[in-house]
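Hi everyone, thanks for coming. I'd like to walk you through one structure today, and I'll put it up on the screen before I say anything about it.

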Amino acid sequence: MLHIILFGPPGSGKGTQAEKLVAKYELFHISTGDLFRSEISNKTLLGIKAKEFMDQGILVPDEITLGMLKNKVESLPHVQGFIYDGFPRTIPQAEALDEMLKEKNQHINALIALHVEDDEIVRRILKRGQNSNRSDDEDESIIRKRMDEYRLKTSSVYNYYELKGKSNSIQGIGSIDEINDRINSLIDKII
Ligand code: ADP
């Protein structure tokens, strides 16, 4: 089984690239942001709790995120592997993921970080906000808050996996296909 983390700030193109990898490598795409949005539209208790944080552009607490993630992974025992998008976003989430995989004799194969400049991120997210129905994409101050959260709480996850020799960084600027080629050549080296 292949376990790949697509990493990078909000708006760096993780979701777009994850969809391409799903098609090529038959991986299952887990986006914690999408899982939360689906809980919100189903009006579950978890969704109601998560929405409070998401609307402010801050991370949902780890215990809520981890419970949801574990339920999802455990409901899908027969896939070739996973592509994690927007998870892990904190060191405790990374530790919990590693622990969960260890219990199944599995491990993270690679973390692939997409590098994109701040101003480009704001431009991309505001553009996405024009037709995505995501209120957290429409307000520049919320977008900047998400970028601060990324720097403060998430960016260290790169170093966490770098110490394990798993982290890779690629340029996230260019066409979707160019970026996809960069990611594919990294994955082809590890499988
Ligand atoms: P983006 O990458 O553009 O910020 P996401 O859909 O990945 O979009 O995330 C939207 C929001 O969902 C985040 O701002 C955060 O509040 C919440 N969220 C998503 N994944 C996590 C996570 N792993 N841990 C905590 N909060 C999360």
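Let's begin in a loop. Between strand E3, residues 81-85, and helix H5, residues 91-103, you'll find proline 88. The peptide bond that leads into proline 88 from phenylalanine 87 is cis, and its omega is near -5°. Please keep in mind throughout that this is a predicted model.

There is another backbone detail to show you, this time at glutamate 26. Glutamate 26 sits in the loop between H1 and E2. Its phi is positive, near 55°, and the residue is not a glycine. Why point out these two spots? Because most residues other than glycine have a negative phi, and most peptide bonds are trans.

Now to the ligand. How many residues surround the ligand? The count is 20, and the closest are Thr32, Arg37, Ile58, Gly86 and Arg128. If you sort that shell by class, you get 7 nonpolar, 6 polar and 7 charged residues. Which helix gives the largest share of the shell? That is helix H2, residues 32-41, with 4 residues.

Let me go through some polar atoms around the ligand. At isoleucine 58 the partner is in the backbone: a polar backbone atom there is 2.7 Å from an oxygen atom of the ligand. With the two arginines I want to show, the side chain is what matters. Arginine 146 has a polar side-chain atom 2.9 Å from a ligand oxygen, and for arginine 134 the corresponding distance to an oxygen atom of the ligand is 3.1 Å. As for cover, the ligand on its own has 540 Å² of accessible area, and the protein covers 97% of that.

So where is the ligand in terms of pockets? The space it takes is the largest pocket. That pocket has a volume of about 1000 Å³. It is lined by 44 residues, and those closest to its centre are Pro10, Gly11, Lys14, Arg128 and Arg134. Several elements give two or more residues to this lining, namely helix H1 (14-25), strand E2 (28-31), H2, helix H6 (118-129), H7 and helix H9 (176-190). By class, the lining divides into 11 nonpolar, 19 polar and 14 charged residues. You may recall Arg128 from the closest residues around the ligand, and Arg134 from the polar side-chain atoms.

Next comes the second largest pocket, with a volume of about 220 Å³. Its lining has 15 residues, and Pro9, His115, Val116, Asp118 and Tyr150 are the ones nearest its centre. Strand E4, residues 110-115, supplies at least two of the lining residues, and so does each of H6 and H7. Here the classes come out as 8 nonpolar, 4 polar and 3 charged.

Last stop: the enclosed space. How many cavities of 30 Å³ or more does the structure hold? There is 1, and about 70 Å³ of space lies in it. Of the 13 residues in its lining, Gly8, Lys14, Gly86, Arg89 and Thr154 are the closest to the centre. Strand E1, residues 2-7, gives the most to this lining, with 3 residues, and helix H7, residues 140-154, also supplies at least two. The lining has 8 nonpolar, 3 polar and 2 charged residues.

A couple of names are worth finding again on the screen. Lys14 is among the residues closest to the centre of the largest pocket, and among those closest to the centre of the cavity too. Gly86 is one of the closest residues around the ligand, and it also belongs to the group closest to the cavity centre.

That's my tour. Thanks for listening, and I'm happy to take questions.

Key. Residues numbered from 1 in each chain as written. Predicted model: local features only at pLDDT ≥ 70, side-chain atom pairs only at ≥ 80, totals over all residues. Heavy atoms only, no water. Near = heavy atom within 4 Å. Polar contact = N/O pair within 3.5 Å; in protein donor to acceptor, adjacent residues only side chain to side chain. Areas by Shrake-Rupley, 256 points an atom, 1.4 Å probe, with all protein chains shown as cover. 1 Å grid on protein atoms, 1.4 Å probe; cavity = no way out; pocket = protein on both sides within 12 Å on 5 of 7 lines; lining within 4 Å. Sits in = over half its atoms within 2 Å of the grid points. Nonpolar A, V, L, I, M, F, W, Y, C, P; charged D, E, K, R; others polar. Points joined across faces, edges and corners; volume = space filled by probe spheres on them.
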